[in-house]
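Grab your viewer and work through a few short exercises on side-chain contacts. Try each task yourself before reading its solution.

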Amino acid sequence: EILSKSRNESTHSAFLAWLLEGDRFNQKGNAPFMRFLDILINNSNEVDSEIKNEALKAAILSRTVEYTDVKAITEQTVKDISTIPSRDRLDIYLTVSLTKPVSGKNYLRIIIENKVFSEEIKFDEKVNDKKLGMDSLDKATFADKDAYLKLHQTQRYYSAVMEHPIDKGYSDNAFTLFVYLTPSGSRPIDKHFIPVSYQDLMDYVLEPLSGDNNLDANTKTYLQEYINSLSVPSISDTDNELTVLAVSKSERDKLEDFWKKYEDIITVAANSNQKKGANQPEDLVLQKFYEKNQPLFMAIYHIMPDKAAVLKPYSTRDYTKYTLKFNGQIIGEHLGKRAVVLAAAKTRIENDLNLE
């Protein structure tokens, strides 16, 4: 929060990579990596994933899977693991050696696409061969180039990793799991990605680990601070959107108790805040109270959207999003006011339009 990185995707990816490597936890059966695999099994019902391999599933659930050398790399460039020379980067690329083969395979790897605020990049939004570093790749080398460029982001990642591996021997000898991590647990376009939410991480990995008395003091502090950071409403550094990523059980209980005690005054303050041009002393006091405590009220709304619905429409911030088009083509989507003004100005300048 101090460094304005509380909603930065690469910051979260770095922490999660540190967490999932997990050798420091000295408890392989319940290490973060194993707990994370439990989530993948739970969330894979409607997904075409190798986590469904019966032998692998049984080994994970029974905690008989034997592994070593857990390594997590952030911002893994696709061209380093695929024959496609793409500049695409995988947010987290995690590899594990299975010391006891499972279904004849000796490795397990997990590709995590982490979306804190942004949405999956569609083929018609930002993708072209030059941006992907494929402008020098001709059809004689890669006959499916045009088809590849039309894939959505998660589809490109699956195709590059699974259909065009740079090391086919390793690829054939490894279980490869694809994960789509978002605040809401939304589904990606590619059918091989398992949807996971930050609340899943909170419930099944972070909170259980934070209660482990065997952890050293520093690790325990890091976990608790990260848990706190997820539950504190924070502003995105890309579109000024105030959100909560996940809420711990202890924080949820506190917020629910707080709402029960002070629902009446908070509701009055929210209604007063909606008044336009109100200048009565009591209205000004209530509005100041609401504005000062808005992050707290947003957290309450996040965990109690039905009961605390009165808080949502009365935000003091403008969260309106815009789509910018030029000559029928989409220039940008999900843009805040500042972003849409900058994009519009850039478009006008690049196209030598009258700026009056």
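**Exercise 1.** Which residues have the most contacts inside the largest nonpolar core, and how many residues does that core have?

*Solution.* Keep in mind that this is a predicted model. Start with the count: the largest nonpolar core has 51 residues. Next, pick out the residues with the most contacts inside it, and you get Leu 40, Ile 110 and Tyr 198. Now ask where the core's residues come from: the largest share, 7 residues, is supplied by α2.

**Exercise 2.** List what Tyr 198 is in contact with, leaving aside neighbours within four places in sequence.

*Solution.* Go up the numbering. You'll first meet His 12 and Leu 16, then Asn 114 and Val 116. After those come Leu 181, Thr 182 and Pro 183. Finish the list with Tyr 226, Leu 230, Leu 245 and Ala 246. To tie this back to Exercise 1, Tyr 198 is one of the residues with the most contacts inside the largest core.

**Exercise 3.** Find the salt-bridge partner of Glu 46, and work out which parts of the chain the pair ties together.

*Solution.* The structure holds 6 salt bridges, and one of them pairs Glu 46 with Arg 187, with 3.6 Å between the closest N and O atoms. That sits inside the 4 Å cut-off. Now place each end: Glu 46 is in the loop between α2 (32-42) and α3 (54-61), while Arg 187 is in the loop between β4 (174-182) and β5 (193-197), so the bridge links parts 141 residues apart in sequence. Then check accessibility. Glu 46 comes out at 65%, so it counts as exposed; Arg 187, at 48%, counts as partly exposed.

**Exercise 4.** Take the salt bridge between Asp 172 and Lys 168 and describe its spacing along the helix.

*Solution.* The N to O distance is 2.8 Å. Both residues belong to helix α6 (residues 168-172), and being 4 residues apart, they are separated by about one helical turn. For accessibility, Asp 172 is partly exposed at 48%, whereas Lys 168 is exposed at 53%.

**Exercise 5.** Do the bookkeeping for Lys 249 and Asp 253: what is the N to O distance, which helix holds them, and is Lys 249 buried or exposed?

*Solution.* Their side chains form a salt bridge at 3.0 Å, N to O. Both sit in helix α9 (residues 249-274), 4 residues apart, or about one turn. Lys 249 has 52% relative accessibility and counts as exposed, while Asp 253, at 33%, is partly exposed.

Terms used:
Residues are numbered from 1 along each chain as its sequence is written. This is a predicted model: local features need pLDDT of at least 70, side-chain atom pairs count only at pLDDT 80 or more; totals for chains, interfaces and linings use all residues. Side-chain values use heavy atoms; hydrogens and water are left out. Helices (H or I, at least four residues) and strands (E, at least two) are DSSP runs, numbered from the N terminus. Buried means under 20% relative accessible area, exposed over 50%, partly exposed in between (1.4 Å probe, protein chains only). A nonpolar core is a set of buried Ala, Val, Leu, Ile, Met, Phe, Trp, Tyr and Cys residues joined through side-chain atoms within 4.5 Å. Contact means heavy atoms within 4.5 Å.
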